[in-house]
Structures are given as C-alpha cells and as structure tokens.
Amino acid sequence: MDPLDAALRLLDWIGIAAFAASGALVASRKQMDAVGFMLIACVTGFGGGTLRDLLLGRTPLFWLARPELLAIAAGAALIVFFTAHLVESRFRALLWVDAVGMALYAVVGAEIALIAGADPWAAVLLGVITATAGGIVRDVICNELPLILRREIYITAAAAAAVTYVALRLAPLPRDVALVSGILIGFAIRAAAIVKGWSLPAYKSRPARDYPDRR
C-alpha cells in the first residue's frame, strides 16, 4: 500500500467515524438507548456507500468486506452515547462532523464510481449519493427534516467536491491533487455556509392570478 492509499484508508476511517458520530448525535437528541445509537450511527455511516455499491453492482457491499468499519461506527456511537451531554449545542456539533464526512465521501464515492467504469457525470452523481444518502435515511428514521432540505448549502457542497475531483482527474492531474482539492473545496464551501449562514435563494410565493370568467 503506497502512502496515498494509506492516507485514504485513514481518511476512510475518519469519514465513517464522522458520519457515525453525526448519526449518534441525532440519536442523543431523540434520547435513544445505546443500541439505538449504534443503529443510527451505522445507517448514517454506511447508507450512502451501500446505495452507491448497489447501483454499481459491486459485491460484497463495502462494509461487509471490511468488518473494521462496523467496529469504528459502533465505537463512535458509544463514545457519543457517553459524552453527548458534554456538548452544549449538539446540533451545531452535528453540522461540523457531518461536513467532514460529506466532503470525504463525495470524493471517495466519485473515485470508486470512476474506477468501476462509470461515466464522469454518473461518477459525480454517485459521489453526491455517497455523501448524502446516509444522512437522509438517518433523518427520516429519526423523524427530522433531512439536512439537505433545510435552507443550507449542503448538497451543493457535495456536488462541488465531486465535480472538482472528477474534473481534475480528467484534466488529467495527479490523483493526490484531485483528491485533496475535492475534499478541501467541498469542506470549505460547507464550512463557510455554516459559519456565515449561506443558503441558496428560496422560492417566494406570489399572489395567485385572477382569471376572467369565460363562461
């Protein structure tokens, strides 16, 4: 394993832990027990990658082939179970750990799709799915408004990360440059949105038209 692949393996673990922790933080808001924490953590950590693998026809699913990922997700969930009460604003913490996982997995998902032979546009889409689907399932299960439907820049940041990676790989630029650039851009956009409260323009309702009676 070369240094870049070793670094990616470490980042993969960090991404799983970040997504699992974000799921566990939601579980803490819902006052679940330890088993509920681990379940929501695993759904969040593995949901996007599972959907990506199913769409690509990759078997076995990535987390079935790498049991250490289950241990990382469960461990992150238990750490949050015992420490969540120490975090003053758990929703704010959720946003930041989720931002880390989003940036990592938008790029990792796009890379896996390219390696599997997907077209560039499909690789971008699968990168976004990898980064967001787990969070959607987490919020639906926990009866929360999905984060990507809030007035925040989220899915746009994931798309920017995936597009950056794919574009730089097609340029072509070295793999490490594309990976690092994609992750940094995705996280930077999401971080700026959290700090500055950025959001895309929302639809504003307008008065309905009164049509003349044509009878």
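This is a short tour of one helix, one pocket and one cavity in a predicted model.

Start by selecting residues 34-56, which make up helix H2. Its 23 residues reach 33 Å from the first C-alpha to the last, close to the 33 Å expected at 1.5 Å a residue. Now zoom in on Phe46: here H2 bends by about 45°.

Next, look at both ends of H2. At the start, show the side chain of Asp33, where an oxygen comes to within 3.2 Å of the backbone nitrogen of Val35. At the other end, click on Gly57, just after the helix, and you'll find a positive phi of about 70°.

On to the largest pocket. Select Arg9, Asp12, Arg66, Val108 and Ile112, the lining residues that lie nearest its centre. The pocket has a volume of about 470 Å³, and 18 residues line it. Colour helices H1 (3-29), H2, H3 (62-65) and H5 (90-115), since each of these gives two or more residues to the lining. H5 supplies the largest share, 5 residues. Colour the lining by residue class and you get 9 nonpolar, 9 charged and no polar.

Last stop: the cavity. How many cavities of 30 Å³ or more are there? The count comes to 1, and about 40 Å³ of space lies inside. To frame it, select Val26, Arg29, Phe91, Leu94, Arg138, Asp139, Glu144, Leu145, Leu147 and Arg150. Helices H1, H5 and H6 (120-141) each contribute two or more residues to this lining. By class, the cavity lining splits into 5 nonpolar and 5 charged, with no polar residues.

Methods
Residues numbered from 1 in each chain as written. Predicted model: local features only at pLDDT ≥ 70, side-chain atom pairs only at ≥ 80, totals over all residues. Heavy atoms only, no water. Helix = DSSP H or I, 4+ residues; strand = E, 2+ residues; numbered from the N terminus. Expected span 1.5 Å × (residues − 1). Bend = angle between axes of the 7 residues up to and from the residue. Polar contact = N/O pair within 3.5 Å; in protein donor to acceptor, adjacent residues only side chain to side chain. 1 Å grid on protein atoms, 1.4 Å probe; cavity = no way out; pocket = protein on both sides within 12 Å on 5 of 7 lines; lining within 4 Å. Points joined across faces, edges and corners; volume = space filled by probe spheres on them. Nonpolar A, V, L, I, M, F, W, Y, C, P; charged D, E, K, R; others polar.
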